[in-house]
Amino acid sequence: MYFYSRHNFYFTPKLFALRNELPSSNIVQKEIENHYRLIRILWGTSNNPNNQAEEYSGLGELYVNDERYTIIEGEKQPEFALFLKNSTEYFVNNNLLKNL
């Protein structure tokens, strides 16, 4: 099951439930890894050898900078957007960029 925002981004309910955890925690990073894989499928690039670190990092920025992406199930969730940004940034720096 996924939350669906009107801008076609999907979030697992578990990730939304973890929004008050540290972005660097293992449980959050496991869910961010799932999010990353889902996003790559949605982008049609899951088989591309380029891990798209820059693009995924930019997605985290977009969540914070574009108000439309802070709405989950009809309610503004700016704290969740910031959590996603921080969590994706940690994932990129500690997984995607480390593997270059």
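This briefing walks through the fold, the confidence, one helix and the salt bridges of the structure above. The model is a predicted one, and the protein chain has 100 residues, of which 43% are buried. Its secondary structure comes to 4 helices and 4 strands. Welcome, and let us start with the overall picture.

**Overall fold**

- Following the sequence from its start, you will meet the elements in the pattern β-β-α-α-α-β-β-α.
- Many contacts reach far along the sequence: of those between residues at least 6 apart, 55% join residues at least 24 apart.
- The protein chain exposes about 6,100 Å² of surface, and carbon and sulfur atoms supply 48% of that area.

**How confident is the prediction?**

- The mean pLDDT of the protein chain is 85, and 86% of the residues reach 70 or more.
- Which elements sit at the two ends of the confidence scale? Strand 1 (residues 3-4) has the lowest mean pLDDT, at 47, while helix 4 (residues 78-96) has the highest, at 94.
- Residues 1-8 have a pLDDT below 50, and this stretch makes 23 contacts in the model beyond its near neighbours in sequence.
- Where pLDDT is low, the predicted coordinates should not be read in detail.

**Helix 3, a helix with a buried face**

- Helix 3 covers residues 53-65, which makes 13 residues. At 1.5 Å a residue it should span 18 Å, and its end C-alpha atoms are 19 Å apart, so the expected and modelled spans agree.
- Which residues of helix 3 are buried? They are A53, Y56, L59, G60 and Y63.
- Looking down the axis of helix 3, you would find these buried residues within an arc of 125 degrees, so they line one face of the helix.
- As background, an α-helix has 3.6 residues a turn, so residues three or four places apart point the same way.
- On the face of helix 3 turned away from the buried side, you will find the exposed residues E54 and N65.

**Just before helix 3: Q52**

- Q52 lies in the loop between helix 2 and helix 3.
- The phi of Q52 is positive, at about 55 degrees, although Q52 is not a glycine.
- For context, most residues other than glycine have a negative phi.
- Is Q52 buried or exposed? Q52 is buried, because its relative accessible area is 9%, below the 20% cut-off.

**From helix 3 to helix 4: Y63 and P78**

- P78 belongs to helix 4, and its C-alpha atom is 8.6 Å from that of Y63.
- In sequence, P78 and Y63 are 15 residues apart.
- P78 has a relative accessibility of 44%, so P78 counts as partly exposed. Y63, in contrast, is one of the buried residues of helix 3.

**Salt bridges**

- How many salt bridges does the model have? The count comes to 3.
- One of them joins the side chains of R37 and E33, with 2.7 Å from N to O.
- R37 and E33 are 4 residues apart in helix 2 (residues 26-43), so about one helical turn separates them.
- R37 is partly exposed, at 48% relative accessible area, and E33 is partly exposed too, at 27%.
- Another salt bridge brings together the side chains of E61 and K85, at 3.6 Å from N to O. This pair links distant parts of the chain, with E61 in helix 3 and K85 in helix 4, 24 residues apart.
- K85 also forms a salt bridge with E89, where the closest N and O atoms are 3.4 Å apart. K85 and E89 are 4 residues apart in helix 4, so they are separated by about one helical turn.
- Through shared partners, salt bridges join E61, K85 and E89 into one network.
- Why does K85 count as buried? The relative accessibility of K85 is 16%, which is under the 20% cut-off, so K85 falls in the buried class.
- Its two partners are partly exposed: E61 has a relative accessibility of 33%, and E89 has a relative accessible area of 34%.

Notes: Residues numbered from 1 in each chain as written. Predicted model: local features only at pLDDT ≥ 70, side-chain atom pairs only at ≥ 80, totals over all residues. Heavy atoms only, no water. Expected span 1.5 Å × (residues − 1). Buried < 20%, exposed > 50% of the residue type's maximum accessible area, 1.4 Å probe, protein only. Arc of directions from axis to C-beta. pLDDT = per-residue confidence, 0-100. Contact = heavy atoms within 4.5 Å. Salt bridge = Lys/Arg side-chain N within 4 Å of Asp/Glu carboxyl O. Areas by Shrake-Rupley, 256 points an atom, 1.4 Å probe, with all protein chains shown as cover.
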